[in-house]
Amino acid sequence: MRENGAKRPVAGALVKVLLHRRDERGMTLEPHASRCVREGEVHELVTTDHAETAPGARIDRVGFLGFAELHNAGVIDRGDEVWIGDRLVGTVHGFDACHFPNHYNILIAAPRPVSGGDLALAPELPVTFRPVP
C-alpha cells in the first residue's frame, strides 16, 4: 500500500558514474515500499526491467547508473519519479539492502536496464526523487 500524504522531493547529485550491466545480479527486493534518507547519504542507483514487487523477489537484470549524494533528508517511495538532469530515468521500483548500512541499492523501474554510460551521465548531474503528480 502506498502512503498518499504530500511530501517534498529528495534532491542530490551524482558523485560516481557506473558503466556496467548484469543479467544474474541476484538482488533481493526489500519488503519496504519506502525508505527514509538523510542529508549527505550516498546511495547506488540501479535500473531494472523486472516487474515483481513482492518482498524477497529476486532482481537479476540490472544496469548500474552510479552513486548519488543526497542534499536533503526525506522519504523515497516506490513509484516516485527518478530524474537525472532533465531526463526522467524511471520510477522507484524498490530497495535492495545487500550493502546496507553502507548504502541502499535504489532500484529504478525502466523499460530496459541501462547504465550510466548508456545515458552519458556525468558527476554532479542533479538527481531528484519526485512524488508522482
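The legends below describe an overview and several close-up views of a predicted model.

**Figure 1. Overall fold of the predicted protein, built with 0 helices and 12 strands.** Read from the N terminus, the order of elements is β-β-β-β-β-β-β-β-β-β-β-β. The protein is as compact as a globular protein of its length, because its radius of gyration of 13 Å is close to the 14 Å that the globule rule gives for 133 residues. Along the principal axes, the C-alpha atoms fill a box of roughly 35 × 35 × 30 Å. Buried residues make up 45% of the 133 residues. Among contacts with a separation of 6 or more, 78% are between residues 24 or more positions apart. The accessible surface is about 6800 Å², and carbon and sulfur atoms account for 52% of that surface.

**Figure 2. The span annotated as a domain, residues 5-129.** The UniProt record, an unreviewed entry, gives this span the feature "domain: DUF6917". Strand makes up 49% of the span and helix 0%. The C-alpha atoms at the two ends of residues 5-129 are 15 Å apart.

**Figure 3. An aromatic cluster formed by Phe95, Phe100 and Tyr104.** The model has 2 aromatic pairs. In one of them, the ring centres of Phe95 and Tyr104 are 6.1 Å apart; the planes meet at 65°, so this pair is edge-to-face, the class for angles over 60 degrees. The pair of Phe100 and Tyr104 is stacked, with 4.5 Å from centre to centre and 25° between the planes. Tyr104 therefore takes part in an edge-to-face pair with Phe95 and in a stacked pair with Phe100. Phe95 counts as buried because its relative accessibility is 1%, under the limit of 20%. Tyr104, at 8% relative accessibility, is also under 20% and so counts as buried. Phe100 has 44% relative accessibility, which lies between 20% and 50%, so this residue counts as partly exposed.

**Figure 4. Arg130 over the face of Trp83.** Arg130 is placed at 4.6 Å from the centre of the Trp83 ring.

**Figure 5. Gly116 in the loop between β11 and β12.** Strand β11 covers residues 105-109 and strand β12 covers residues 126-130. The relative accessible area of Gly116 is 0%, so this residue counts as buried. Beyond its neighbours within four places in sequence, Gly116 is in contact with Val17, Leu18 and Leu19, with Phe64 and Leu65, and with Leu121. Gly66 is 50 residues from Gly116 in sequence, while their C-alpha atoms are 6.3 Å apart in space.

**Figure 6. Asn72 in the loop between β7 and β8.** The loop is bordered by β7, residues 62-70, and by β8, residues 74-77. Asn72 has a relative accessibility of 14%; this value is under 20%, so Asn72 counts as buried. Setting aside residues up to four places away in sequence, Asn72 touches Arg8, Pro9, Val10 and Ala11, as well as Arg38 and Glu39. Asn72 and Leu14 are separated by 58 residues in sequence and by 14 Å in space, taken between C-alpha atoms.

Key:
Residues are numbered from 1 along each chain as its sequence is written. This is a predicted model: local features need pLDDT of at least 70, side-chain atom pairs count only at pLDDT 80 or more; totals for chains, interfaces and linings use all residues. Side-chain values use heavy atoms; hydrogens and water are left out. Rings of Phe, Tyr and Trp (its six-membered ring) pair if their centres lie within 6.5 Å; planes under 30 degrees apart count as stacked, over 60 as edge-to-face and the rest as tilted. Buried means under 20% relative accessible area, exposed over 50%, partly exposed in between (1.4 Å probe, protein chains only). A charge sits over a ring if NZ of Lys or CZ of Arg is within 6 Å of the ring centre and within 35 degrees of the ring normal. UniProt positions are given in the numbering used here, feature names are shortened, and annotations may be inferred rather than shown by experiment. Helices (H or I, at least four residues) and strands (E, at least two) are DSSP runs, numbered from the N terminus. Contact means heavy atoms within 4.5 Å. The radius of gyration is taken over C-alpha atoms; the globule rule is 2.2 Å times the number of residues to the power 0.38. Accessible areas come from the Shrake-Rupley method with a 1.4 Å probe; for residues, only the protein chains shown count as cover.
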